[in-house]
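Me: I've got a model open and I'd like to learn how to read it feature by feature. Could you walk me through it?

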Amino acid sequence: MNFTMTFGDTNFIGVVNAERYKSFVDQDWDLDGLLTHFSNEMKEGNILVCQMTEEGIEHSWSVDIKIGTEEITHQYFRKAVGYINVTDNKLCLVDC
């Protein structure tokens, strides 16, 4: 599956199970806390996320999602590999 995210102020792109992902990080969050939160949620199988930039930039991204044992055969900028829980056959592609 190939998706294009058109011109967003993007630092991170992720595939998320919106039913299971705990979105609240902390009222006074910082980058280290956000990265820890993402790591914990990835361990729970609720999100797969990639940091695209060190600072938000206006850019469009092409996102290619492979399922199961499908191999990535083309050049890529970032890659996340892992397991994600699926609820009601739905996942969300998000940028933040």
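**Reading the model, starting with one strand**

Reply: Sure, let's start with the side chains of one strand. Phe12, Gly14 and Val16 point one way from β2, Ile13 and Val15 point the other way, and all of them are buried. Keep in mind that this is a predicted model.

Me: How many residues of strand β2 are buried?

Reply: Strand β2 covers residues 12-16, and 5 of its 5 residues are buried, so to speak a mostly covered strand. As for the chain, buried residues make up 28% of its 96 residues.

Me: What is the order of elements along the chain?

Reply: Reading from the N terminus, you get β-β-α-β-β-β. That comes from 1 helix and 5 strands.

Me: How do I read a sheet, then?

Reply: The general idea: strands of a sheet pair through backbone hydrogen bonds, in either a parallel or an antiparallel way. In this model there is an open sheet of 3 strands in the order β3-β2-β5, with antiparallel pairing. Its edge strands are β3 and β5, each of which pairs on one side only. From one strand to the next, the twist averages 15°.

Me: How many bridges does β2 have with strand β3?

Reply: β2 and β3 (residues 47-51) pair in the antiparallel sense over 5 bridges. If you want to check the register on screen, look at Ile13, whose bridge partner in β3 is Cys50. Then look at Gly14, which stands opposite Val49 in β3.

Me: And which residue of β5 does Gly14 stand opposite?

Reply: That would be Val94. β2 and β5 (residues 92-95) pair in the antiparallel sense over 4 bridges. There's also a nice sequence-versus-space check here: Phe12 and Asp95 are 83 residues apart in sequence, but 5.6 Å apart in space, C-alpha to C-alpha.

Me: Phe12 keeps coming up. Why does Phe12 count as buried?

Reply: You compare its relative accessibility with the cut-off: buried means under 20% relative accessible area. Phe12 has 5% relative accessibility, so it counts as buried.

Me: How do I read an aromatic pair?

Reply: In general, a pair of aromatic rings is described by the distance of the centres and the angle of the planes. This structure holds 1 aromatic pair. The partners are Phe12 and Phe38, 5.2 Å apart centre to centre with 70° between the planes, and the pair is edge-to-face. Phe12 lies in strand β2 and Phe38 in helix α1 (residues 31-43), so the pair ties together parts that are 26 residues apart in sequence. Both Phe12 and Phe38 are buried.

Me: What about the backbone? Which residue other than glycine has a positive phi near 55°?

Reply: Asp88 is one: its phi is near 55°, a positive value, and it is not a glycine. Asn89 also has a positive phi, of about 55°, although it is not a glycine.

Me: Where are Asp88 and Asn89, and are they buried or exposed?

Reply: Asp88 sits in the loop between β4 (57-64) and β5, and Asn89 is in the loop between β4 and β5 too. For the second part, the cut-off for exposed is over 50% relative accessible area. Asp88 has 60%, so it is exposed. Asn89 has 77%, so it is exposed as well.

Me: Last topic: pockets. What volume does the largest pocket have?

Reply: With a pocket, you can go through the volume, then the lining, then the chemistry of the lining. The largest pocket has a volume of about 1,100 Å³. It is lined by 34 residues, of which Val15, Asp64, Ile65, Lys66 and Ala80 are the closest to its centre. The elements that give two or more residues to the lining are β1 (2-10), β2, β3, β4 and β5.

Me: Which element gives the most to the lining?

Reply: β4 does, with 4 residues.

Me: And how do the lining residues divide by character?

Reply: They divide into 22 nonpolar, 7 polar and 5 charged. Val15 makes a good place to finish: it is a buried residue of β2 that points the other way from Phe12, and it is among the lining residues closest to the centre of the largest pocket.

Note on methods. Residues numbered from 1 in each chain as written. Predicted model: local features only at pLDDT ≥ 70, side-chain atom pairs only at ≥ 80, totals over all residues. Heavy atoms only, no water. Buried < 20%, exposed > 50% of the residue type's maximum accessible area, 1.4 Å probe, protein only. Pairing = 2+ DSSP bridges. 1 Å grid on protein atoms, 1.4 Å probe; cavity = no way out; pocket = protein on both sides within 12 Å on 5 of 7 lines; lining within 4 Å. Points joined across faces, edges and corners; volume = space filled by probe spheres on them. Nonpolar A, V, L, I, M, F, W, Y, C, P; charged D, E, K, R; others polar. Phe/Tyr/Trp six-rings, centres within 6.5 Å; stacked < 30°, edge-to-face > 60°. Axes fitted to C-alpha atoms, helices over the stretch in contact; angles between N-to-C directions.
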